[in-house]
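Q: I should like to learn how to read a structure that is new to me. May we go through its features one by one?

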Amino acid sequence: MKDRRIESLLAGTALEGDEIFSAPWEARAFAMALGLSEAGVFSWDEFRARLIEEIGASERVRERDGTSSHGNYYQHFLRALERTVADKGIVGAAEVAHKLGVREGADR
Amino acid sequence: MSADHEHDTSLSGPAARVKALEELLAEKGLVDPARLDQLIETYQHAVGPRVGARVVAKAWCDPAFRRRLFADAVSACAEMGISGPEGGHLVAVENTARVHNLVVCTLCSCYPWPVLGLPPAWYKSFAYRSRAVSDPRGVMREFGLLIPDEVEVRVWDSSAEQRYIVIPERPEGAEALSEAQLAELVTRDSMIGVARVAPPAQARRESR
């Protein structure tokens, strides 16, 4: 059963072709991480270490719960980016939450 | 997670978080939105597998270059003006009648950006990352690639230290083609190791 599911996942993703980003925010998150590492704010290796942690953590949850949530690579990528800038003391979670709250107020 | 928080446009959805983060970083002078546009444009259009295809075609046509490529892929690519982030530790691996190479990154998504661009979605999928090592022949079969039992399969796990490009076998029936025409036959998947390079007539049919 499990193998069948993976086969169909692989078959499905292989047909996606050359699409690199599936939503504009994914491209934006990628460019921010690369731009910040280019600017020397953090190194790509520092970022990658957190990306590996995020992916690893989600896979432990997947194994524990027996769930299969495919296609959220950039969700892990975004969490890794948020953690990297927070750990560096550049932008904390509270600042992001505040910004989101301000926007919600403005939208109403 | 409750249902009303699951869609992307919600307050805590990724699109909103990315926008907030970019605004904060721009306010602090740490990112330039115009530079981000440029980077996205570069990785969506300028850098990609067509670059690697030129390297493969040159390796097929120029034996001296081929030797330099397998000895030191970084220097050989630099000769062609190819360099960039995530390409500093590039290794070229050669497919032959006896050996077939397959590339994966089991931990995340390491990939040789300067020659192949950014990886496709399936390369980053849990299914590919977990099964390419444990069942490479089965994975390749799902891509439609059958590797005979007598051919040795070598799986290369990419890392921060090493990135790989597969130099596929030159197809039969391509003797009359120029280096530029040969490059057109080379696909991204063949440089990851999940496909062969099809002979010219077949490649034309497949690209339709």
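Q: Which pattern does chain A follow, read along the sequence?

A: Please note that this is a predicted model. Read along the sequence, the pattern of chain A is α-α-α-α-α. Its content is thus given as five helices and zero strands.

Q: How many of the residues in chain A, as a percentage, are buried?

A: Of the 108 residues in chain A, 32% are buried. As to contacts in chain A with a separation of 6 or more, 63% come from residues 24 or more positions apart.

Q: How many residues does each chain bring to the contact of chain A with chain B?

A: Chain A brings 43 residues and chain B brings 39 residues. On the side of chain A that touches chain B, two or more residues come from each of H1 (2-14), H2 (24-38), H3 (44-65), H4 (73-87) and H5 (93-107) of chain A. H2(A) gives the most, with nine residues. Sorted by class, this side of chain A has 26 nonpolar, 12 charged and five polar residues.

Q: How do the axes of H4(A) and H1(B) cross?

A: The axes of H4(A) and H1(B), the latter being residues 14-27 of chain B, come within 11 Å and cross at roughly 30°. Because angles under 35 degrees count as roughly parallel, H4(A) is roughly parallel to H1(B). Their crossing is left-handed.

Q: Which residues make the contact of H4(A) with H1(B)?

A: H4(A) contributes A:Gln75, A:Leu78 and A:Glu82, while H1(B) contributes B:Pro14, B:Arg17, B:Val18 and B:Leu21. By class, this contact has four nonpolar, two charged and one polar residues.

Terms used
Residues are numbered from 1 along each chain as its sequence is written. Chains are lettered from A and ligands numbered from 1 in the order in which they are written. This is a predicted model: local features need pLDDT of at least 70, side-chain atom pairs count only at pLDDT 80 or more; totals for chains, interfaces and linings use all residues. Two residues are in contact if their C-beta atoms, placed from the backbone, lie within 7 Å. Helices (H or I, at least four residues) and strands (E, at least two) are DSSP runs, numbered from the N terminus. Ala, Val, Leu, Ile, Met, Phe, Trp, Tyr, Cys and Pro count as nonpolar, Asp, Glu, Lys and Arg as charged, and the others, Gly among them, as polar. A residue is buried if 20 or more other C-beta atoms lie within 10 Å of its own, exposed if 12 or fewer, and partly exposed in between; C-beta atoms are placed from the backbone. Axes are lines fitted to C-alpha atoms, for helices over the stretch in contact, and angles run from 0 to 180 degrees between N-to-C directions. Angles under 35 degrees count as roughly parallel, over 145 as roughly antiparallel, 65 to 115 as roughly perpendicular and the rest as oblique. A crossing is left-handed if the near helix is turned anticlockwise from the far one by less than a right angle, and right-handed if clockwise.
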